[in-house]
Amino acid sequence: MKVFHALADALAAHGVDTVFGLMGNANLLYLPAFADAGGRFVAVAHEAGAVAMADGRARMSGGIGVASVTHGPAFTNALTPLVEAARSHSQVLLITGDPPPVPTHFHHFDIATVAAAAGAGYERVHGPASLVVDLNRAVQRIVAERRPVVLNVPIGLMQAEAGEQAPVALPVAPGPLAAPEAEALDGALGLIGSAQRPLILAGQGAAAAGAREALVELADRTGAALATTVLGKEMFAGHPRDIGIFGSLAHSVASTVIAEADSVIAFGASLNMWTALNGELFRGKRVVHVDTDPARFGSYTPVDEPVAGDARRTAEAMNALLDRAGVTAANSAWAERVAGRLAGFSPRDDVDDRSGADTVDIRTAMIRLDRILPRERTVVSDIGRFDVGVWPYLRVADPRHFTVMGGFGSIGLGVAGAIGAATADIGRPVVATVGDGGFMMHLSEFTTAVRHRLPLVVVVLNDGAYGAEHYKLGNHGYDPAYSVFAWPDLAGLATAMGARALTVRKAEELDAVGDLLPTLKGPLLVDVRLDPDVNLVRY
């Protein structure tokens with residue numbers, strides 16, 4: 001058996017059923033072999049799309065997403081989404097390979113150095129006989145380190161005889177940290193016990209740990225308000241003291257509660273500049289920070305009591321110790337005040353609809369789309385000025401059904417990330433929210449969704465400009481028209497590609513999405529027209 005066949009078989013034995021990639025000399029043989037053996041090869045238009053799709057699939061499936069590119073410029077094309085995957089701690093395997101061992105070959109490139117600079121791990125297949133061992137090591141590192149790994153399979157090995165290989169070894173995931181000992185929680189519990197207006201803040205780490213019930217119990221014991229970061233959104237939906245997103249996207253009642261709170265007990269949240277509003281929201285408050293990664297303590301926000309621990313197990317340990325101390329319903333006046341402010345309030349109450357004659361306010365559009373879409377859905381968001389109108393209003397049933405392709409701050413990865421999510425057979429419709437600039441950057445990958453007949457809803461928030469720059473140019477005294485683009489008709493483009501499409505200039509025109517969704521046999525593009533001069537962001 002040749003190495004390329006052995007690689008295809010080893011990927012399948014590792015449970016890989018889908019590979020995203022663009023063919024070239026380095027992967028020309030093992031990708032067809034993988035597909036011929038029953039795997040799914042999703043051919044992409046650009047290497048960046050392959051990695052972003054693998055990333056999106058990994059985030060929504062909980063497994064490993066696999067991308068394959070050839071050597072040289074194919075690898076450099078994949079760098080931006082590789083950094084995004086590394087910053088987002090995504091489980092991605094990127095297979096590439098050195099070009100032929102000819103000193104003058106123009107595709108020679110230092111893969112290991114660049115992978116390290118991107119924040120990814122690097123492994124190499126050292127010889128035909130070590131193929132499976134080297135692959136096993138790469139996969140184990142992905143799971144153990146929770147970051148992408150680049151696997152270099154040199155093209156010169158592909159047609160060599162594989163010979164006898166070691167067995168495939170499935171990766172072993174690290175278990176959660178043990179619950180902290182009582183002594184390690186003394187300071188944190190002392191702070192919580194002295195707080196009169198506590199607030200519990202949950203991030204993506206708390207959602208991934210399944211900490212909701214333990215955190216709700218802790219909040220009910222201490223009378224705390226409940227809030228989340230963007231990536232933990234909807235974690236406490238339905239609780240009478242859930243104030244929603246903490247930070248720059250907080251609604252009016254949440255902002256009041258945050259201002260009045262005297263302490264924040266954060267679980268699995270990085271407390272970054274957006275959550276902390278550059279530190280403003282934590283000023284004058286005492287902070288407990290629970291996280292599995294002690295390197296995060298104090299990175300963005302000063303912390304009074306850092307606790308290294310899994311969010312769920314730490315909250316459970318806190319509850320047990322508080323129960324032993326007889327704390328069952330503290331700070332009742334604060335709890336009642338928070339619940340009273342939230343009773344009958346909806347974040348929609350803050351919306352001053354700024355729709356125009358032929359444009360829709362993003363918030364109004366998302367509120368309507370939120371009602372139209374099935375409650376169980378996956379939302380994959382790109383980043384851009386439009387986010388402030390999307391994230392607070394387009395909800396999900398579980399925070400693990402929402403992700404943002406924005407760990408590196410690059411626009412344009414949302415469509416590919418959503419395509420990857422849509423291949424994961426998660427049993428929920430997948431909705432991508434993207435800006436018009438980001439969509440046009442990777443328009444070619446929309447054709448990938450068409451070719452593979454993925455029932456994906458791509459909502460383009462289209463202000464005909466690079467929105468943040470449009471606003472900032474005006475602030476600097478320049479003509480905002482420098483940021484404006486006369487795009488072609490997006491619905492017409494999507495239709496020409498073989499997709500369904502809608503152009504929305506009135507909120508009620510979104511109702512057609514609900515009519516089309518049950519019968520989709522491919523992607524639906526929804527081009528929502530916005531006014532570039534309507535700005536919702538505070539810069």
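**Figure 1. The whole chain in overview.** Two residues are in contact when they have heavy atoms within 4.5 Å of each other. Among contacts in the protein with a separation of 6 or more, 73% join residues 24 or more positions apart. The model shown here is predicted. It contains 22 helices and 18 strands. Along the principal axes, the C-alpha atoms fill a box of roughly 75 × 60 × 45 Å. How does the radius of gyration agree with that of a compact globule? For 539 residues, a compact globule would have a value near 24 Å, and the protein has 25 Å, so the two agree.

**Figure 2. Surface, interior and charge.** Of the 539 residues, 54% are buried. The protein exposes about 21500 Å². Carbon and sulfur atoms supply 53% of that area. The protein has 44 positive and 57 negative charges. How far apart are the mean positions of the positive and negative charges? They are 2 Å apart.

**Figure 3. Two nonpolar cores.** In soluble globular proteins, nonpolar side chains tend to be buried together. Here, the largest nonpolar core holds 53 residues. Which of its members touch the most other members? They are Leu-94, Val-150, Val-430, Phe-439, Phe-446, Leu-456 and Val-458. Look for Phe-446 in this group. Leaving out residues up to four places away in sequence, Phe-446 touches Val-415, Phe-439, Val-458, Ala-494, Met-497, Ala-499, Pro-523 and Leu-525. A second core, separate from this one, has 37 residues. Its members include Met-366, Ile-383, Leu-394 and Phe-402.

**Figure 4. Phe-20 in strand 1.** Strand 1 covers residues 18-21, and Phe-20 is part of it. Is Phe-20 buried or exposed? Its relative accessible area is 0%, so Phe-20 is buried. Residues up to four places away in sequence are left aside in the contacts of Phe-20. Among those that remain are Phe-41, Val-42, Val-44, Ala-50 and Met-53. Gly-420 and Thr-423 are also in contact with Phe-20. Phe-297 is 277 residues from Phe-20 along the chain. The C-alpha atoms of Phe-20 and Phe-297 are separated by 36 Å.

**Figure 5. Val-92 and the loop before strand 4.** Val-92 sits in strand 4. Its relative accessibility is 0%, so Val-92 counts as buried. Pro-148 is 56 residues from Val-92 along the chain. What separates the C-alpha atoms of Val-92 and Pro-148? The separation is 4.4 Å. Apart from neighbours within four places in sequence, Val-92 is in contact with Ala-54, Asp-55, Gly-65, Ala-85, Ile-142, Arg-147, Pro-148 and Val-149. His-89 belongs to the loop between helix 5 (79-87) and strand 4 (92-96). His-89 is not a glycine, yet its phi is positive, at about 55 degrees. His-89 counts as partly exposed because its relative accessibility is 38%, and the partly exposed range runs from 20% to 50%.

**Figure 6. Thr-228 and Glu-234.** Thr-228 is placed in strand 8. With a relative accessible area of 2%, Thr-228 is buried. Where does Glu-234 lie? Glu-234 is in the loop that runs between strand 8 (225-228) and strand 9 (242-245). Phi of Glu-234 is near 70 degrees, a positive value in a residue other than glycine. Thr-228 touches Glu-234, with residues up to four places away in sequence not counted. Lys-233, Met-235 and Phe-236 are also among the residues that Thr-228 touches. So are Leu-201, Ala-202, Gly-244, Ile-245 and Phe-246, among the contacts of Thr-228.

**Figure 7. Thr-403 in strand 14.** Strand 14 spans residues 402-404 and includes Thr-403. At 4% relative accessibility, Thr-403 counts as buried. Which residues are in contact with Thr-403, leaving aside neighbours within four places in sequence? They are Arg-59, Met-60, Leu-231, Val-379, Val-380 and Ser-381.

**Figure 8. Asp-9 in helix 1.** Helix 1 runs over residues 3-13, with Asp-9 among them. Is Asp-9 buried or partly exposed? Its relative accessibility is 34%, so Asp-9 counts as partly exposed. Ala-33 is 24 residues from Asp-9 along the chain. Their C-alpha atoms are separated by 8.3 Å.

Conventions:
Residues are numbered from 1 along each chain as its sequence is written. This is a predicted model: local features need pLDDT of at least 70, side-chain atom pairs count only at pLDDT 80 or more; totals for chains, interfaces and linings use all residues. Side-chain values use heavy atoms; hydrogens and water are left out. Helices (H or I, at least four residues) and strands (E, at least two) are DSSP runs, numbered from the N terminus. The radius of gyration is taken over C-alpha atoms; the globule rule is 2.2 Å times the number of residues to the power 0.38. Buried means under 20% relative accessible area, exposed over 50%, partly exposed in between (1.4 Å probe, protein chains only). Accessible areas come from the Shrake-Rupley method with a 1.4 Å probe; for residues, only the protein chains shown count as cover. Lys and Arg count as positive and Asp and Glu as negative; His and the chain ends are not counted. The place of a charge is taken as NZ of Lys, CZ of Arg, CG of Asp or CD of Glu. A nonpolar core is a set of buried Ala, Val, Leu, Ile, Met, Phe, Trp, Tyr and Cys residues joined through side-chain atoms within 4.5 Å.
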